[in-house]
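Hi everyone, thanks for making time for this. Let me put the structure up, and then we can walk through it together.

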Amino acid sequence: MRDVDTGSVTVVDDYTFLVPSKTRKSTMYTVDAQFGLCSCPAGHTGAFCKHQAFVHERFKEAFQNAPAVTLEDRHKLAVLALGPKCPNKDFFRDLQDQDVCDSRSVPIQRH
Ligand SMILES: [Zn+2]
């Protein structure tokens, strides 16, 4: 996904993005950052997919289903996503290991 242009993504609203397929240029996947879903085969099951990772990285959206990863994992994922543009490991040191949540999420109301 690192060579996918950010401009090829359509921002529908605060939480919804249309992200192009890397392999099928005419296919667009719908990424819902609020619920952590994507319409691709992997994301459709609720898994955190590369399209969600792309939106997370490029549009700074937080996903509740993003895997909690270590500093080493974050750096490896960033190398995969950004290639030679990836910052060094120290850049990722201050990021939280867990409890990544969207500050705009709506609390669940119980009756
Ligand atoms: Zn996806």
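Let's start with K60, which sits in the loop between α1 and α2; helices here are DSSP runs of H or I with at least four residues, strands are runs of E with at least two, and both are numbered from the N terminus. K60 is not a glycine, and yet its phi is positive, about 60°. Is K60 buried or exposed? K60 is exposed, because it has 8 other C-beta atoms within 10 Å. The cut-offs are these: 20 or more other C-beta atoms within 10 Å of a residue's own make it buried, 12 or fewer make it exposed, anything in between is partly exposed, and C-beta atoms are placed from the backbone.

Some housekeeping before we go on. This is a predicted model, where local features need pLDDT of at least 70 and side-chain atom pairs count only at pLDDT 80 or more, while totals for chains, interfaces and linings use all residues. Residue numbers run from 1 along each chain as its sequence is written.

How confident is the predictor? On pLDDT, its confidence in each residue from 0 to 100, the protein has a mean of 82, and 83% of its residues reach 70 or more. Residues 98–108 have pLDDT below 50, and that stretch makes 8 contacts in the model beyond near neighbours in sequence. By contact I mean C-beta atoms, placed from the backbone, within 7 Å.

Now the sheet. It is open, with 4 strands in the order β1-β2-β3-β4 and antiparallel pairing, where a pair needs at least two bridges found by DSSP. β1 and β4 (37–38) are at the edges with a single partner strand each, so each has one side without a neighbour in the sheet. Strand β2 (residues 16–20) runs antiparallel to strand β3 (residues 28–32), and 5 bridges join them. Within that pair, T16 is opposite D32 of β3. Helix α1 (residues 50–59) packs on the sheet and touches β2, β3 and β4, and its direction makes about 115° with that of β2. That angle is between N-to-C directions, on a scale from 0 to 180 degrees, with axes fitted to C-alpha atoms, for helices over the stretch in contact.

On the other side of β3, the pairing with β4 is antiparallel over 2 bridges. The two strands form a hairpin with 4 residues between them, and G36 in the turn has a positive phi of about 70°. V31 has C38 in β4 as its bridge partner.

Which way do the β3 side chains point? They alternate: Y29 and V31 face one way and are buried, whereas M28, T30 and D32 face the other and are not.

That leads us to the core, meaning buried Ala, Val, Leu, Ile, Met, Phe, Trp, Tyr and Cys residues joined through C-beta atoms within 7 Å. The largest one has 13 residues, and V19, Y29, V31, C38 and V55 touch the most other members. At least two residues come from each of β2, β3, β4 and α1, with α1 giving the largest share, 3 residues.

Last stop, the second helix: G83, just after α2, takes a positive phi of about 65°. Thanks, and I'm happy to take questions!

Technical notes:
Contact = placed C-beta atoms within 7 Å. pLDDT = per-residue confidence, 0-100.
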